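The exercises below work through a structure by asking how its chain is folded, packed and held together. Try each task on the structure before turning to its solution.

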Amino acid sequence: LITLYHQALRKVPMLVVVDNEPLLEQWMAQAERHFIREPGSVGIWKGKKEEWRRGTVFTTYQTLSRRAEGLTEEQRRWFGIIAFDEGHHLSAEGYSTCAGAFYGQRLNITATPERADGAHQLTLYHMGGSLYQDLKPPIKSRNILLWTGTKTLQAVTPSKDPWASERNLARISAMLSCDASRRERVIKLLRQWHNEGDQTLVLTRSLVSITNHLFAWYGLPAPVTNPKDLDQLEERPELLAGLLSTHKDVGVLAREVNKSDRSQAADKDLIFSITKFGREGFDSPRLRRALLLEPVSDAGLLQQILGRVSRPYPGKLEAETYALIDDHPQLIRMAKTTKTNLLHWPEYKGGPLHFAKGHL
């Protein structure tokens with residue numbers, strides 16, 4: 001809203017750059033609700049849509065990074081403001097080319113300006129320092145680490161590929177969701193919270209995990225209980241789509257879920273989400289609890305997740321974030337990093353953040 005108001009004062013075309021579809025949809029909804037009145041004044045510059053000659057245009061880092069070098073002089077000069085939402089992504093390899101692609105004023109909006117690897121210096125080079133900063137949450141989350149005792153022998157795959165670890169974590173999560181005892185304990189906890197009437201967000205890296213837990217929530221047999229079937233299930237998102245076509249009281253945020261179902265997810269009391277979709281792109285102030293089915297070691301990601309439950313809302317006096325820890329070396333190491341991040345959370349972000357331990 002502040003950025004849109006800034007554009008209204010300056011009266012120049014603005015390009016808004018986001019990193020995911022849900023965030024783009026949020027921007028468009030706010031623009032059309034509060035500021036945009038003339039038909040055709042909002043454009044999408046993405047995929048086959050080339051609607052860049054508009055007053056307010058939305059695109060993604062992925063699209064812009066691919067087109068940056070081929071922009072025409074007219075395109076470079078068109079926008080008076082270029083707003084990079086979650087602008088810390090400009091530090092990512094390939095995305096830094098987006099920063100200098102246009103001649104207009106650059107704005108960086110982010111709650112996680114610093115990166116553990118120090119790469120945020122690249123964003124600072126392009127964007128400069130902070131004009132305004134307020135990172136203390138209105139409501140401080142109570143954090144609980146729950147030991148499950150569930151064991152899986154999935155090994156960590158050594159690789160220089162930065163995405164290998166994330167894919168391995170998704171597979172570990174999928175394997176853990178095949179364990180009937182763990183799955184039943186998760187559902188029992190979710191039912192307890194559901195009966196209290198609070199909104200809960202469940203985060204995992206695996207579509208298999210979402211599918212198994214959602215079937216269990218409805219009292220249906222889990223589609224996969226044998227880890228050997230995981231590769232086949234990963235290629236069959238229609239199992240989840242088929243369930244969602246007839247069971248609509250639980251929200252799901254995942255790439256494989258259609259756009260209309262994703263947009264309605266925030267209205268549900270229980271939402272299952274792929275971890276990256278439950279970050280910047282998810283905004284529901286009444287959310288009181290988040291349950292991480294795997295621990296999160298990255299401080300920036302953890303801050304984004306804590307930010308989901310810390311929004312002020314009438315009658316909401318406290319918030320809680322739970323993380324499950326299973327008997328697996330990689331998950332245990334990540335949990336130790338989570339503890340360290342919480343205990344050393346900086347004061348200007350509302351830290352230090354304490355945590356409690358328990359059992360699932």
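## Exercise 1: overall shape and confidence

With 360 residues, the protein chain can be compared with a compact globule, for which a radius of gyration near 21 Å would be expected; the chain has 21 Å, so the two agree.

Task: state what extent the C-alpha trace has along its principal axes, and what mean pLDDT the protein chain has.

Solution. Begin with the caution that this is a predicted model, in which the protein chain has a mean pLDDT of 88, with 95% of its residues reaching 70 or more. Over residues 156-160, however, the pLDDT is below 50, and this stretch has six contacts in the model beyond near neighbours in sequence. Next, take the extent: the C-alpha trace spans about 60 × 50 × 45 Å along its principal axes. The protein chain contains 13 helices and 13 strands, and of its contacts between residues at least 6 apart in sequence, 71% join residues at least 24 apart.

## Exercise 2: surface and interior

Task: determine what percentage of the residues count as buried, and which residues have the most contacts inside the largest nonpolar core.

Solution. Of the 360 residues in the protein chain, 50% count as buried, while the chain exposes about 17,900 Å², of which carbon and sulfur atoms supply 52%. Turning to the interior, the largest nonpolar core has 54 residues, and those with the most contacts inside it are Leu190, Leu214, Leu240, Val252, Phe272 and Leu291. Helix α8, residues 207-217, gives the most to this core, contributing six residues. For a local view, follow Leu190, which, when residues up to four places away in sequence are not counted, touches Thr200, Val202, Trp217, Leu270, Phe272 and Leu291. Another core, of 19 residues, lies apart from the largest one and has Trp52, Leu71, Phe79 and Met127 among its members.

## Exercise 3: a salt bridge between a strand and a helix

Task: the structure holds 16 salt bridges; for the one between Lys46 and Glu21, find which elements the two residues lie in.

Solution. The side chains of Lys46 and Glu21 meet with an N to O distance of 2.6 Å, which is within the 4 Å cut-off for a salt bridge. Lys46 lies in strand β2 (residues 42-46) and Glu21 in helix α2 (residues 21-34), so this pair ties together parts that are 25 residues apart in sequence. As for their surroundings, Lys46 is partly exposed, with a relative accessible area of 27%, and Glu21 is likewise partly exposed, at 27%.

## Exercise 4: the partners of Arg289

Task: decide whether Arg289 is buried or exposed, and work out which residues are joined with Arg289 into one salt-bridge network.

Solution. First take Glu196 and Arg289, whose closest N and O atoms are 2.9 Å apart in a salt bridge. Glu196 lies in the loop between α7 (180-195) and β8 (199-204), whereas Arg289 lies in strand β11 (residues 287-292), so the pair ties together parts that are 93 residues apart in sequence. Glu196 is partly exposed at 45% relative accessibility, but Arg289 counts as buried at 4%. Then consider Asp198, whose side chain meets that of Arg289 in a salt bridge of 3.3 Å, N to O. Asp198 is in the loop between α7 and β8, so its pairing with Arg289 in strand β11 ties together parts 91 residues apart in sequence. Finally, salt bridges that share partners join Arg142, Glu196, Asp198, Arg288, Arg289, Glu318 and Glu320 into one network.

How values were computed:
Residues numbered from 1 in each chain as written. Predicted model: local features only at pLDDT ≥ 70, side-chain atom pairs only at ≥ 80, totals over all residues. Heavy atoms only, no water. Helix = DSSP H or I, 4+ residues; strand = E, 2+ residues; numbered from the N terminus. Buried < 20%, exposed > 50% of the residue type's maximum accessible area, 1.4 Å probe, protein only. pLDDT = per-residue confidence, 0-100. Contact = heavy atoms within 4.5 Å. Rg over C-alpha atoms; globule rule 2.2 N^0.38 Å. Areas by Shrake-Rupley, 256 points an atom, 1.4 Å probe, with all protein chains shown as cover. Core = buried A, V, L, I, M, F, W, Y, C linked by side-chain atoms within 4.5 Å.
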